[in-house]
Amino acid sequence: MTATSTILPGTRSSESMIENPKIKISADRVCALAGDLIATCRTLCLATALDNGPWAAPVYYVTGPSGFCFFSSPDSRHIKEALAANRAAGSIYAESDSWENLRGLQMAGTVAAVGAGARAAAILAAYLVRFPFVKNMAGVAGRMRPADFFKRFHVKLYMFRPESVLYMDNRIAFGFRQPVSLKDLLP
């Protein structure tokens, strides 16, 4: 079988990778690749499931010390289900036009609300830096307090806290997946 995938430096030829998808690369290298993905991507796809079936919702995120922070309506289906089930899944992935370059994070964990205190203010400040168009939507020139932001957009702040994280990268080998530690990925 011949492959045309992009091969990362320090890995084997594409043909031997297709035959042996359990290639090991260093944990530091996998963490670096996963960290780059988190830094360059902007959307977390949050998945939930209850009696009415599975559901997925994309949310813009910023990273916090223990997870991925995002704003959402407390009445949205994904929030109601994530809180009711106390379980959620998430994925972050790079856009690609070919399966050979498909890479992403596959995660399972929980979602929790974050209060409107100092922690929320720091997260909101980071969010507005990463997504400056939100400030324009709000018509705000200066700093915005979390309570004002919540009221203006009818949202609350939530954090997806992954308990398990897998980094997958077809550039290394078709079906390559390796667990990564969240504490090594987030600030």
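**Exercise 1. How many residues make up the hairpin through which β1 joins β2?**

Solution.
- The model is a predicted one.
- Locate the two strands. β1 spans residues 43-50 and β2 spans residues 53-60.
- Now look at the link. The hairpin passes from β1 to β2 through two residues.
- Check the direction of pairing. β1 and β2 pair in the antiparallel sense, over eight bridges.
- Pick out one bridge. L44 has V59 in β2 as its bridge partner.

**Exercise 2. Find what else pairs with β1, and name one bridge.**

Solution.
- Turn to β5. Three bridges join β1 to β5.
- Read the sense. β1 and β5 run antiparallel.
- Name a pair of residues. The bridge partner of C45 is S91, in β5.

**Exercise 3. Describe the protein as a whole.**

Solution.
- Count the elements. There are seven helices and eight strands.
- Take the burial next. The protein has 187 residues, and 43% of them count as buried.
- Consider the surface. About 9,900 Å² is exposed, with 56% of it supplied by carbon and sulfur atoms.
- Finally, look at the contacts. Among contacts with a separation of 6 or more, 67% are between residues 24 or more positions apart.

**Exercise 4. Classify the ring pairs Y61–F68 and F71–F150.**

Solution.
- Start with the total. The structure holds 11 aromatic pairs.
- Take Y61 and F68. Their ring centres are 5.3 Å apart and their planes stand at 90°.
- Apply the cut-off: planes over 60 degrees apart count as edge-to-face. The Y61–F68 pair is therefore edge-to-face.
- Check the burial of this pair. Y61 and F68 are both buried.
- Take F71 and F150. Here the centres are 6.2 Å apart and the planes at 55°, so the pair is tilted.
- Place these two rings in the chain. F71 belongs to strand β4 (residues 67-72) and F150 to helix α6 (residues 146-153). They are 79 residues apart, so this pair links distant parts of the chain.
- Add the burial. F71 and F150 are both buried.

**Exercise 5. Which residues form one aromatic cluster with F71 and F150?**

Solution.
- List the other members: Y60, Y127, F131, F133, F149 and F153.
- Now look for a charge over F153. R152 lies over the face of this ring, at 5.3 Å from the ring centre.
- Compare with Y61. The charged end of R130 sits over the Y61 ring, 4.9 Å from its centre.

**Exercise 6. Work through three salt bridges and state how each partner is exposed.**

Solution.
- Begin with the count. The structure holds four salt bridges.
- First example: R87 and E163. Their closest N and O atoms are 2.6 Å apart.
- Locate both partners. R87 lies in the loop between α3 (77-85) and β5 (88-93), while E163 lies in strand β7 (residues 156-169). The pair therefore ties together parts that are 76 residues apart in sequence.
- Read the exposure. R87 has a relative accessible area of 38%, so it is partly exposed. E163 is at 54% relative accessibility, so it counts as exposed.
- Second example: R145 and D148. The closest N and O atoms of this salt bridge are 3.1 Å apart.
- Read the exposure again. R145 counts as exposed because its relative accessibility is 53%. D148 is partly exposed, at 33%.
- Third example: D169 and R171. Their closest N and O atoms are 2.8 Å apart.
- Use the cut-off here: buried means under 20% relative accessible area. D169 has 0%, so it is buried. R171 has 15%, so it counts as buried too.

**Exercise 7. Which residues of α3 are buried, and what covers them?**

Solution.
- Name the buried residues of α3. They are H78, I79, E81 and A82.
- Relate this to helix geometry. An α-helix has 3.6 residues a turn, so residues three or four places apart point the same way.
- Find the cover. The elements over the buried residues of α3 include β1, β2, β4, β5, β6 (103-114) and β7.
- Look past the helix. N86 follows α3, and its phi is positive, near 55°.

Key:
Residues numbered from 1 in each chain as written. Predicted model: local features only at pLDDT ≥ 70, side-chain atom pairs only at ≥ 80, totals over all residues. Heavy atoms only, no water. Helix = DSSP H or I, 4+ residues; strand = E, 2+ residues; numbered from the N terminus. Buried < 20%, exposed > 50% of the residue type's maximum accessible area, 1.4 Å probe, protein only. Contact = heavy atoms within 4.5 Å. Areas by Shrake-Rupley, 256 points an atom, 1.4 Å probe, with all protein chains shown as cover. Phe/Tyr/Trp six-rings, centres within 6.5 Å; stacked < 30°, edge-to-face > 60°. Lys NZ or Arg CZ within 6 Å of the ring centre and 35° of its normal. Salt bridge = Lys/Arg side-chain N within 4 Å of Asp/Glu carboxyl O. Pairing = 2+ DSSP bridges.
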